[in-house]
Amino acid sequence: MIGAVSWYESSARERLRLLLDPLSFREFVGPEQREVSPHLNVFNLPQQFDDGMIVGRGRLDGAAVFVAAQEGRFMGGSLGEVHGAKLTGLLRAARDVRTTPVVILFDTGGVRLQEANAGELAIAEVMRALLEARTAGAPVIGLIGGRAGCYGGGGLIAGCCSALAVSEQGRISVSGPEVIETNRGVEEFDSKDRALVWRTMGGKHRRLLGGADSFVADTPESFRAAACRLMHLAPRFDAEMLRAEQRRLAERLRRFGGCSDAFDIWTMEGVANAFDVPNLCTDDFITLADSVREPRYDAR
Amino acid sequence: METLSYRLTAARPAAGSKPLAIIGVVASGNLEVLVERVGAPTECQIEVRTVAEGFGAVWAAVIGDFVMRRSAGGLKLSINDGGARPDTVALRLAQAVRLIEDDER
Amino acid sequence: MTLDEILASLFPDGSDISIDEGVLLGSGALRSGRMDIVGVADGTPLGVDEAIRISAHILRTVERDARQPILVLIDSGSQRMSKRDELVGLSEFLAHLAKCLIFADLHGHHTVGLLYGHSAAGALIATALSTRTLVALPGAAPEVMDLASMAKVTLLSLEVLTEKAQGTPVFAPGLKNLAKTGAVLATWDETVSLADQLHVLLSATPNRADERDRLGRERGGRPKASELAERVYNLALRPE
């Protein structure tokens with residue numbers, strides 16, 4: 001009964017088990033290898049045997065995929081040296097294998113501050129390897145719906161993916177709500193206003209804005225269906241795509257750069273009752289989103 | 001950070017054939033347990049790495065109780081602990097053994 | 001060195017630059033041919049308005065298809081921290097900029113980053129760390145996050161963080177720390193012609209592979225990354 005399980009509540013390992021074909025998952029450098037972070041000791045912080053990043057291979061409807069899953073409850077899913085290196089190695093392999101898609105299960109607050117320089121550099125290396133994999137013909141699909149969201153450098157990695165599926169619980173942003181408030185004041189952004197956070201960064205807004213390609217229910221089944229579908233719609237990473245993305249983003253900025261809130265953006269996009277959007281159930285929201293903004297798969 | 005080590009006699013060996021299993025997450029009030037088939041079938045080894053120092057007696061009690069009630073022979077359980085309560089520890093130990101015995105998952 | 005001095009030393013045969021609200025665009029004369037130039041100046045934060053202009057310029061360079069190298073001059077803030085930027089999808093704008101830089105590099109335009117001032121967090125990733133070759137001038141001050149902010153987030157005192165930073169290059173701000181982790185290839189000599197140093201860089205056979213993790217291991221800043229990436233890579237390449 002995998003439809004009854006919440007993706008949001010599940011661990012990274014559970015998500016992989018439920019996403020992939022039964023018993024198809026093979027982990028690379030698993031926890032029994034005990035490749036822990038060499039840097040957390042300095043801060044008296046506990047280690048996790050997989051450093052919060054699980055990489056391996058599996059099957060989706062019989063087709064081979066590489067997978068990477070972040071554990072959002074360990075150090076906020078943040079990228080440290082080991083976590084980042086595992087993801088980089090996987091993407092470099094995808095580049096050289098060429099024919100195996102990659103699915104990344106995002107759940108991250110961004111760089112792990114205790115290893116800030118290593119984490120920051122890992123993000124850059126991941127982005128380069130990801131784009132090389134896409135250049136070689138391997139689609140890279142991002143799934144976003146975990147507790148930590150997809151923040152900071154994680155948001156930048158997500159922006160390099162061929163396509164993204166996001167649930168209502170998912171959030172995508174560079175700066176987190178608290179960071180904006182600390183730097184610019186509560187009038188600029190009240191990080192305690194959950195509705196505001198979700199309107200600005202959450203899955204429904206990202207889908208309506210065109211920041212994600214697929215909106216899904218909070219279930220492994222929905223994410224699985226989206227991953228399978230998006231894999232075949234992935235655009236090539238070429239000049240034509242980048243020009244299309246340039247036009248897409250420039251046009252978005254022109255239209256919405258003067259808006260002060262998501263409600264204004266949604267209204268401008270033709271949503272009749274913008275204030276209702278947060279309350280819509282998944283199916284009703286998907287119907288609305290598809291009528292307002294048909295997903296396009298050629299400009300990411 | 002404190003490291004604790006236990007080597008206890010187990011009444012019966014764990015069932016199943018999986019070489020390893022893992023359960024839990026390292027976070028405040030939580031722990032991960034990596035369980036591997038290692039050592040003599042009459043022995044259970046447990047290694048603990050915990051942020052909460054000075055609770056050796058509590059660990060000994062929870063672990064002793066667990067090994068007595070559960071057939072955990074031939075297993076090594078390695079724990080990274082983020083300061084979990086004893087009942088959470090007991091739960092994870094039981095989950096870990098159940099997982100390594102379950103050949104279906 | 002001021003920006004003008006840097007440009008004069010890089011391009012003694014002349015350069016043609018405009019700086020408009022912190023965004024630097026133009027080109028400079030090399031010994032043979034021209035080098036395209038983009039950048040962020042005056043410590044300006046990198047937001048959607050800045051990123052979209054820089055990516056547009058890079059795509060025009062790519063369209064000309066003359067395999068021109070691209071210089072990325074960096075003295076930026078962090079990413080722009082505002083409701084508006086996140087509302088319209090800053091992550092996509094910054095990722096798009098990084099994609100344009102990396103695409104250009106993969107298609108014959110050697111991208112060289114020159115960090116001469118500040119840069120932080122998302123801006124650092126989307127500019128300096130998205131070039132193939134990153135060099136710096138001695139006064140550069142890159143960081144992921146300043147220590148005071150890090151102290152607030154990690155709930156450690158500034159004193160404790162500063163003390164821990166003595167023992168490891170892995171988290172604290174600064175050019176030396178970022179160089180140790182493998183991010184910066186070299187720090188240039190300001191007392192010598194920058195054009196000469198640039199020429200050496202551009203003349204060398206470009207290394208196809210991303211060697212920053214290997215560099216980080218050699219320099220002692222990242223002891224595990226290179227080896228772990230390679231192990232995962234090798235396991236993934238094995239047939240099922």
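# Burial, packing and odd backbones across chains A, B and C

Student: In this predicted model, what share of the 240 residues in chain C is buried?
Tutor: The count runs over the 240 residues of chain C. A residue is buried here if 20 or more other C-beta atoms lie within 10 Å of its own. For chain C, the buried share comes to 52%.

Student: What radius of gyration does chain C have, and what would a compact globule have?
Tutor: Along the principal axes, the C-alpha atoms of chain C fill a box of roughly 50 × 45 × 40 Å. A compact globule with 240 residues would be near 18 Å, and chain C agrees with that because its own radius of gyration is 18 Å.

Student: How many helices and strands does chain C have, and what part of its contacts with a separation of 6 or more is between residues 24 or more positions apart?
Tutor: Chain C has 11 helices and nine strands. Among its contacts with a separation of 6 or more, those between residues 24 or more positions apart make up 64%.

Student: Which residue in the loop between helix H6 (147-154) and helix H7 (158-167) of chain C has a positive phi without being glycine?
Tutor: Phi is near 60 degrees at this spot. The residue has 6 C-beta neighbours inside 10 Å, so it counts as exposed. The loop residue in question is C:Leu155.

Student: Chain A has a positive phi in a residue other than glycine too, at A:Asn44. Is A:Asn44 buried or exposed?
Tutor: Look in the loop between strand E1 (26-28) and strand E2 (53-60) of chain A for A:Asn44, where phi is near 55 degrees. It has 9 other C-beta atoms within 10 Å, and the cut-off for exposed is 12 or fewer. So A:Asn44 is exposed.

Student: Why do the buried residues of helix H6 (residues 194-201) of chain A sit on the same side?
Tutor: The buried residues are A:Val197, A:Arg199, A:Thr200 and A:Met201. They share a side of H6(A) because the arc they cover around the axis is only 165 degrees. A:Arg194 and A:Ala195 are exposed on the other side. The value that puts the buried set together is the arc of 165 degrees.

Student: And which element of chain C do the buried residues of H6(A) pack against?
Tutor: Within chain A, they pack against strand E8 (172-173), helix H5 (177-184), helix H7 (203-209) and helix H10 (262-268). The partner from chain C is helix H3 (83-87).

Student: In chain B, which residue of E4(B) is the bridge partner of B:Leu8?
Tutor: Strand E1 (residues 2-9) of chain B is hardly covered, with zero buried residues among its eight. E1(B) pairs with strand E4 (residues 43-50) in the antiparallel sense over eight bridges. In E4(B), B:Leu8 has as its bridge partner B:Cys44.

Student: Which residue of chain A is in contact with B:Asp81?
Tutor: B:Asp81 belongs to strand E5 (residues 75-81) of chain B and is buried, with 26 other C-beta atoms within 10 Å. Beyond its neighbours within four places in sequence, its contacts include B:Leu31, B:Val48 and B:Arg49. From chain A, the contact is A:Pro46.

Student: How many charged residues are on the side of chain A that touches chain B?
Tutor: The contact takes 11 residues from chain A and 14 residues from chain B. By class, the chain A side has four nonpolar and four polar residues, and the charged ones number three.

Key. Residues are numbered from 1 along each chain as its sequence is written. Chains are lettered from A and ligands numbered from 1 in the order in which they are written. This is a predicted model: local features need pLDDT of at least 70, side-chain atom pairs count only at pLDDT 80 or more; totals for chains, interfaces and linings use all residues. Helices (H or I, at least four residues) and strands (E, at least two) are DSSP runs, numbered from the N terminus. The radius of gyration is taken over C-alpha atoms; the globule rule is 2.2 Å times the number of residues to the power 0.38. Two residues are in contact if their C-beta atoms, placed from the backbone, lie within 7 Å. Two strands pair if DSSP finds at least two bridges between them. The arc is that of the directions from the helix axis to the C-beta atoms. Ala, Val, Leu, Ile, Met, Phe, Trp, Tyr, Cys and Pro count as nonpolar, Asp, Glu, Lys and Arg as charged, and the others, Gly among them, as polar.
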